[in-house]
Amino acid sequence: MKHRVLFTALASIMLLSGTSASLASTAQPVQAISKYSHRWHWVKVTKETPIYKVKVGHYMYQSKLTHKTYIEKGSDLKVMYSGHDYPWRVYGGWRGHWVALRQSANWFRN
């Protein structure tokens, strides 16, 4: 009998504390582009950012950055998080591979 009352008391306390914790938390803004979605996203550049043209080698250590240019603030372009090789790939179409070597996503907005 004592164990049954103790068990129901603990269960109700855990249930109430879990409910109050979920009600107390505020909604956090979600980043528009998930770092882990490997697809192209249209974005608007918020800071002038250097991008580099990549001459792709057979292996990663053979790839070289050949040309540097700047993207102006306010430009629209397609970017994709590429993983571990280069942080952000910039869509260049037939003009080759371009990358932005910034680790964070604070240089553009969706």
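Two strands count as paired here if DSSP finds at least two bridges between them. Keep that in mind for this tour of a predicted model.

**Whole chain first.** Show everything as cartoon. You should find one helix and seven strands, running α-β-β-β-β-β-β-β from the N terminus. Of the 110 residues, 25% count as buried. Switch on a surface if you like: the chain exposes about 8500 Å², with carbon and sulfur atoms supplying 60% of that area. As for contacts with a separation of 6 or more, 55% of them are between residues 24 or more positions apart.

**Select 41–45.** This is strand E1, and its side chains alternate. Show them as sticks: His41, Val43 and Val45 point to one face and are buried, while Trp42 and Lys44 point to the other face and are not buried. That fits the general pattern, as side chains in a regular strand alternate between the two faces of the sheet.

**Add 76–81.** Now you have strand E4, which pairs with E1 in the antiparallel sense over four bridges. Want a landmark for the pairing? Click His41 and look across to E4, where Val79 stands opposite.

**Add 108–109.** Strand E7 is also antiparallel to E1, and two bridges join them. Here, pick Lys44 in E1: its bridge partner in E7 is Arg109.

**Stay on Lys44.** Which residue does the Lys44 side chain meet in a salt bridge? Asp76, at 3.3 Å from N to O. The pair links distant parts of the chain, with Lys44 in strand E1 and Asp76 in strand E4, 32 residues apart. Don't go hunting for others: the structure holds one salt bridge. In general, side chains of opposite charge can pair when their charged atoms come close. Is Lys44 buried or partly exposed? Partly exposed, because its relative accessibility is 28% and the buried class stops under 20%.

**Last stop, the core.** Select Leu77, Val79, Trp88, Val90, Trp107 and Phe108, and show them as spheres. These are the residues with the most contacts inside the largest nonpolar core, which has 14 residues. At least two core residues come from each of E1, E4, strand E5 (88–90) and strand E6 (97–100). E4 gives the largest share, three residues. Val79 should look familiar: this well-connected core residue is the one you found opposite His41.

How values were computed. Residues numbered from 1 in each chain as written. Predicted model: local features only at pLDDT ≥ 70, side-chain atom pairs only at ≥ 80, totals over all residues. Heavy atoms only, no water. Buried < 20%, exposed > 50% of the residue type's maximum accessible area, 1.4 Å probe, protein only. Salt bridge = Lys/Arg side-chain N within 4 Å of Asp/Glu carboxyl O. Contact = heavy atoms within 4.5 Å. Areas by Shrake-Rupley, 256 points an atom, 1.4 Å probe, with all protein chains shown as cover. Core = buried A, V, L, I, M, F, W, Y, C linked by side-chain atoms within 4.5 Å.
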